[in-house]
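Here is a short briefing for a first look. Keep the sequence and the 3D view open while reading.

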There are 4 protein chains.
Amino acid sequence: MLLSLEHMRRRARRRIPRVAFDYLDGGAGDEAGVRENRAAFDRLRFLPRALRNVDAVDPSATLFGRRWALPFGIAPIGLGNLVWPGADAMVCRAARDAGLPYTLSTAGTTAIETIRGLAPETSWFQLYVAREQTIAEDLIARAEGCEVLFVTVDVPAPARRPRDIANGLSLPLKPSLRMAADIACHPRWTAAMLRAGQPRFANIERYAPGATNAQALAAFMASQSSGRVDWAYLDWLRGRWLGRLVVKGLLAPEDVCRARDAGADAVVVSNHGGRQLEASVASLTMLPEIRRAVGPDFPLLLDSGVRSGADVVKALVAGADFVLIGRAAMYAVAAAGEAGVRDLVRLFEAEIRSVMAQLGVTRTQDLDAGLAYSDFGAVSSSRP
Amino acid sequence: MLLSLEHMRRRARRRIPRVAFDYLDGGAGDEAGVRENRAAFDRLRFLPRALRNVDAVDPSATLFGRRWALPFGIAPIGLGNLVWPGADAMVCRAARDAGLPYTLSTAGTTAIETIRGLAPETSWFQLYVAREQTIAEDLIARAEGCEVLFVTVDVPAPARRPRDIANGLSLPLKPSLRMAADIACHPRWTAAMLRAGQPRFANIERYAPGATNAQALAAFMASQSSGRVDWAYLDWLRGRWLGRLVVKGLLAPEDVCRARDAGADAVVVSNHGGRQLEASVASLTMLPEIRRAVGPDFPLLLDSGVRSGADVVKALVAGADFVLIGRAAMYAVAAAGEAGVRDLVRLFEAEIRSVMAQLGVTRTQDLDAGLAYSDFGAVSSSRP
Amino acid sequence: MLLSLEHMRRRARRRIPRVAFDYLDGGAGDEAGVRENRAAFDRLRFLPRALRNVDAVDPSATLFGRRWALPFGIAPIGLGNLVWPGADAMVCRAARDAGLPYTLSTAGTTAIETIRGLAPETSWFQLYVAREQTIAEDLIARAEGCEVLFVTVDVPAPARRPRDIANGLSLPLKPSLRMAADIACHPRWTAAMLRAGQPRFANIERYAPGATNAQALAAFMASQSSGRVDWAYLDWLRGRWLGRLVVKGLLAPEDVCRARDAGADAVVVSNHGGRQLEASVASLTMLPEIRRAVGPDFPLLLDSGVRSGADVVKALVAGADFVLIGRAAMYAVAAAGEAGVRDLVRLFEAEIRSVMAQLGVTRTQDLDAGLAYSDFGAVSSSRP
Amino acid sequence: MLLSLEHMRRRARRRIPRVAFDYLDGGAGDEAGVRENRAAFDRLRFLPRALRNVDAVDPSATLFGRRWALPFGIAPIGLGNLVWPGADAMVCRAARDAGLPYTLSTAGTTAIETIRGLAPETSWFQLYVAREQTIAEDLIARAEGCEVLFVTVDVPAPARRPRDIANGLSLPLKPSLRMAADIACHPRWTAAMLRAGQPRFANIERYAPGATNAQALAAFMASQSSGRVDWAYLDWLRGRWLGRLVVKGLLAPEDVCRARDAGADAVVVSNHGGRQLEASVASLTMLPEIRRAVGPDFPLLLDSGVRSGADVVKALVAGADFVLIGRAAMYAVAAAGEAGVRDLVRLFEAEIRSVMAQLGVTRTQDLDAGLAYSDFGAVSSSRP
Ligand SMILES: Cc1cc2nc3c(=O)[nH]c(=O)nc-3n(C[C@H](O)[C@H](O)[C@H](O)COP(=O)(O)O)c2cc1C
Ligand SMILES: Cc1cc2nc3c(=O)[nH]c(=O)nc-3n(C[C@H](O)[C@H](O)[C@H](O)COP(=O)(O)O)c2cc1C
Ligand SMILES: Cc1cc2nc3c(=O)[nH]c(=O)nc-3n(C[C@H](O)[C@H](O)[C@H](O)COP(=O)(O)O)c2cc1C
Ligand SMILES: Cc1cc2nc3c(=O)[nH]c(=O)nc-3n(C[C@H](O)[C@H](O)[C@H](O)COP(=O)(O)O)c2cc1C
């Protein structure tokens, strides 16, 4: 019986090698940013309303002209198949069956064509802008079938993640003795990996024709990481992409307003789960101020730190229209495969329904700041 | 010699099976709400007044036209006899003898008729509104002899309590191997339970004539839990019940004002002891604002987190007229039976007298916000 | 080499029986008040001034028309000789030699006549008002030789100190098996106690002529504890006592102003070291507001939580003219007898000189609120 | 692979004797000041800006008419060669090669002439004003070749550092049995020390001609520590020194303004790394208010608590133009000699570049308060 995501996380830690778990679980620097994301959720406390008929709670939410069964979807995850072979497809299918959107990353380990085949209606694509413009052009062309394109703007440079450095994470995995022992202790993961092959950058590899092995490909990938994505680039992208365009990774209210004015259809308020800038403010902390700045109608998504259905509701109360989960879905798949993701969705749905009933609210669009008792602004000192 | 309630709690933990202790002790989710309730009391610090004659401290309090020996009573507790066989009656008698009110729950394990027989003057009844209106009607009719009827409005849906799920709590107890071992380790509880029989929903069972065993009854009980209790229902109830009507489970100031306007005679400011909505604000945190909103005269009761006589005084200082204790009384009965409850009352009385003398106050009605040094608003992050 | 008071405290814990150490070290209830007193000092941080000539720091302070070598004295301590036989006289002599005042408690274990013989210039007397007026009258008459009389007003009723209850503290000590073993493990204390005899209420015993043994005396003592000390009583006392009159144990600014208006010569802002009201605000927390209310000239003393010379300076910065130490001196005497108290005074003097030099201040009267960087108001939740 | 400074600190702890490590690592009193310095950095969280081209991040900074490769330099350290034989020169060379300034202390263990020989362009001198004016005069004359002279004003009196007292730190080292064992356990340090000789006050020894051994010299040095450095002295110094004059050790905004008006070219906002006044406010806490008071153009440096490149950026965001590191460089040299310092500089550079890119800023002068999300004022209670 699944009691909370934390149980899945612990199961995942036992079930997959450390190099994979740390890649998933870790963050930038001393990981104070990861902790601050959680602390921001813990600080927000609800002020429920009673004596409202909540016999019929409806946890669905509208976004981009569709009704989703629940007010959250799956955030883009690079290198997903390192966490568990086939993870991308498992998560994508479970999301589709639950009526939730799935976002494939440019750095994902499954080809966009494959993913769209699995879930034509519910899969979105997230673009990392490459240094060579022709690559971006081609990726955009391949994404055409998706209704929604994310462009992630909080990775202007690679981040330092000490756990990954300590573990010697690289692609292809070049096992040290320690890593070899670690892998040997996780035979199920190893067997699955042997069957499926090492994870590959399935969306990018074609642009590096000279890169005949994974190592060369990873080097190519790194060489494409770019600090050039600026407002002018966003203008170009807006002109080029006719579907919904979502800017992922903003925190400053003025940046969100400017993205809206530049024609973005939505923004993901995010600090990349604390993986890029350790000392970043939590995205939840900024959300109410952003909502005030941008007005009631502009679609805001939030991620970074969501670990329960109650957290999803907190994000909506703080001003989001929709929520994304990153690590949560990956813990589930690492703990129990596709079934784990289905369990997770059920758990979150039960929690969302229960919290909404307790708050006296039957529709997600009625979750607003009046239901929060909190001084959002406080920042905790979270270094251990 | 009883030093503090915490000692009783520890004794209770040793003396009763885990399934029973966890049912009593636990809360919703990760139990951050239970901790926040305590944190709110710890944050409130007194600003005492000196040089007032306190030779004659009087800890009694008036509520509903009666003078109670102490300014607190017993909150409604479902399934009390699971905690200790006969617990309901023990607590009821001890309260009666101490001049304190006892509230029987619809989900209590002793029939309302029995309880009223034990304590005709001091027993109140708490109504959970059932899905079938005829049941509610009949319960109200049976409660007629009570001066006070509570209607609990913070249980629109069942809550997730991970400890209960992990322990496999159900009625009748269906012991797993682990639970059987647990029970076997508590022979006194087991012997008492064998004598008394498994706890039954003594107030409800008659409405489920088809339910010939406890299991079917529990299923029936669950089916009656209702999210339909709304303001219209309160109006109906107000018209139907001629005695004092108390709404239990409000936190928002506007809800309290509306309940008053709807004819409620009092409100219990409560978050159900952190058992329903993990991320709820503490009831003590809301109390001063509620008192300001509702004016000085409307009777306010408070529960959730009271663990000492000093806490009772804090609640009065923060704006309550009267206090309810839930777990405290049950720890006492689990630790030492009826005598335990009497000890507990004596302990609380001694603490209330001592704190009032220290504050320079001789009458409970003079305990007001000027005696608190505190910024009530602060919310602590209490997830571990 | 003495590094900090904490070392002395630890030495004291090893050197004296638990019943004595806990009596000294403990506080009311769960001792959150003791911790809050410390937290208030820790929260206050200095904002030093530089580039002032501090070659000649003078740590002396004027109070009651005298210049004291350092800006602190010894708070009244009841039952001092239980902590170490002869403690009262040791502390009194060490204080005298260091040019500091010593306050004898009514509940002290050395007669006022003896103490005044030891230190005619520097000993003050603290009055606990007894239930029988004639006793108070006689005590006041005997105190006539002292320049300063304290009246303690924060003990309207006995406090609950769980450690003392658990240890079975009483006078005379009635050793349980556990206490006997404890005492047997501290032969030096025991030998000294055998030589000196059990501690006696040397100032009170004469008023209980029927009380031929310590037990009867203790009962008599308890019977005298009084909640009748009120403003009228203070008026009477002010008329009766011609020397300096100090009210000890106020925290509310209006109480301090009223005491001043009633003719008190000074007030000790104190919560009795957290020994009476567990949930009391810290005295340091209230001090700035009290100073603002009472004006710059009225003499304010502070105690409760002072553990270092830096703490003494913090109290002066926060608004005190003079500081009292309670437990600190007793830890010292318990750790190393009279020499321990001398060491302690030297340690505090060194710290005060060092902190004053760092703050850029050469005279104690120039220590003011501009040297504090702090939001005095914040209250920490300090229950563990 | 170097992951963070903390790893170097741990390596240093293993590699050098405790007496040396504690001298470096410790602080005044219970070291709450050291912890508060860290807490202040942890509280400051960034609010990054996105969609700015950061392909070309330039971490250099202008100060005193020069462009430095990175926005930080080395703070003056007394007794450096105790930490590791030859440490002063190692740090000086590594700084020079990285294009960073190095500050030699009057209490340094390498002669100013030697240091200037090593790094004629990048070495600064820090003056401790001696009691005898002629010594100060001569030191200033010898410093003439340096472009920048610091005068440290936060050491009006020696501080109590309990670890040093407990270790029996003195010059020359007079090993107790414990210290001898400690030293024996660190043969590499001991061998290096035997080769290099005990550390000497190489800048001061000539003024104590009678002091034929290290002990006499240390006594002489102590006798020179002076509380006489005041504003008049600063005026004299300003008249005497024609180069850049920097006042090190101010925290109060009015002191900084006055130093500016007195002709100082810059100020180091510093609390001496928590080594002088335990209860000092953190320098980072004061910085924004100081910047507001002193205006945008006056050069402000900051030290105390900087442990990463992100901390360097935080200081710039909070109002500094340049940063100094004290312990950080010494941990590095103790952990791995001169190569350690070079590693450290590389680590900080990588972090600075990464954080600046994440913030959307390419030039250090554009790091301003708009990039901080924080309530700088909060002070944490940091005693353990
Ligand atoms: C293992 C991992 C890989 C990620 N890869 C990407 C990525 O390729 N593109 C992207 O925009 N975000 C990526 N993210 C960030 C997520 O999309 C999301 O912002 C973040 O995980 C949210 O925080 P949470 O994990 O606390 O839910 C990744 C996150 C993780 C944990
Ligand atoms: C074991 C248990 C059973 C409870 N059952 C009921 C109930 O049947 N009806 C109700 O209104 N409240 C119920 N409550 C809530 C209490 O009435 C009360 O609000 C809560 O216990 C107060 O918090 P405290 O336990 O911290 O004092 C229950 C609480 C506990 C601990
Ligand atoms: C063992 C002990 C006995 C005390 N007895 C008395 C007393 O007889 N009269 C009194 O006014 N205060 C008494 N006090 C309180 C002290 O005078 C003083 O207010 C308190 O100790 C200050 O707090 P501190 O211990 O943290 O310095 C006593 C305190 C202690 C620790
Ligand atoms: C071992 C040590 C010796 C120091 N000696 C001096 C000194 O001689 N002169 C001086 O102005 N500051 C001295 N300082 C203070 C530093 O210059 C600087 O202000 C401080 O180290 C900054 O804090 P940080 O160590 O946290 O970076 C010393 C600091 C340390 C750690």
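A polar contact is a pair of N or O atoms within 3.5 Å. By that rule, a side-chain N or O atom of A:His272 makes such a contact with a nitrogen atom of ligand 1, at 3.3 Å. The model is predicted. The points below cover how two chains relate, two ligand sites and one annotated residue.

**How two chains relate**
- A turn of 90° lays chain C on chain B, with a shift of 0.0 Å along the axis and an RMSD of 0.0 Å.
- This relation is that of a four-fold axis.

**The site of ligand 1**
- Ligand 1 is surrounded by 21 residues.
- The closest are A:Pro76, A:Ser105, A:Thr152, A:Asp303 and A:Gly305.
- The shell around ligand 1 holds six nonpolar, ten polar and five charged residues.
- The backbone of A:Gly78 places an N or O atom 2.8 Å from a nitrogen atom of ligand 1.
- A polar backbone atom of A:Arg327 lies 2.9 Å from an oxygen atom of ligand 1.
- On its own, ligand 1 exposes 600 Å², and the protein buries 98% of that.

**The annotated residue in chain A**
- What does UniProt list for A:His272? An unreviewed UniProt entry lists this residue under "active site".
- A:His272 sits in the loop between strand E9 (266-269) and helix H14 (283-294) of chain A.
- Is A:His272 buried or exposed? Its relative accessible area is 15%. Buried means under 20%, so A:His272 counts as buried.
- The side chain of A:His272 also takes part in the site of ligand 1, through the 3.3 Å pair with a ligand nitrogen atom.

**The site of ligand 4**
- Which residues are closest to ligand 4? They are D:Pro76, D:Ser105, D:Thr152, D:Asp303 and D:Gly305, out of 21 that surround the ligand.
- The shell around ligand 4 divides into six nonpolar, ten polar and five charged residues.
- D:Lys248 brings a polar side-chain atom to 3.0 Å from an oxygen atom of ligand 4.
- D:Ser304 contributes through its backbone, with an N or O atom 3.5 Å from an oxygen atom of ligand 4.
- D:Arg307 has a polar side-chain atom 2.9 Å from an oxygen atom of ligand 4.
- Taken alone, ligand 4 exposes 600 Å², of which the protein buries 98%.

Technical notes:
Residues are numbered from 1 along each chain as its sequence is written. Chains are lettered from A and ligands numbered from 1 in the order in which they are written. This is a predicted model: local features need pLDDT of at least 70, side-chain atom pairs count only at pLDDT 80 or more; totals for chains, interfaces and linings use all residues. Side-chain values use heavy atoms; hydrogens and water are left out. Copies are superposed by least squares on the C-alpha atoms of residues with pLDDT of at least 70 in both. A residue is near a molecule or strand if one of its heavy atoms lies within 4 Å of it. A polar contact is a pair of N or O atoms within 3.5 Å; within protein, one must be able to donate a hydrogen and the other to accept it, and residues adjacent in sequence count only if both atoms are side-chain atoms. Accessible areas come from the Shrake-Rupley method with a 1.4 Å probe; for residues, only the protein chains shown count as cover. Ala, Val, Leu, Ile, Met, Phe, Trp, Tyr, Cys and Pro count as nonpolar, Asp, Glu, Lys and Arg as charged, and the others, Gly among them, as polar. UniProt positions are given in the numbering used here, feature names are shortened, and annotations may be inferred rather than shown by experiment. Helices (H or I, at least four residues) and strands (E, at least two) are DSSP runs, numbered from the N terminus. Buried means under 20% relative accessible area, exposed over 50%, partly exposed in between (1.4 Å probe, protein chains only).
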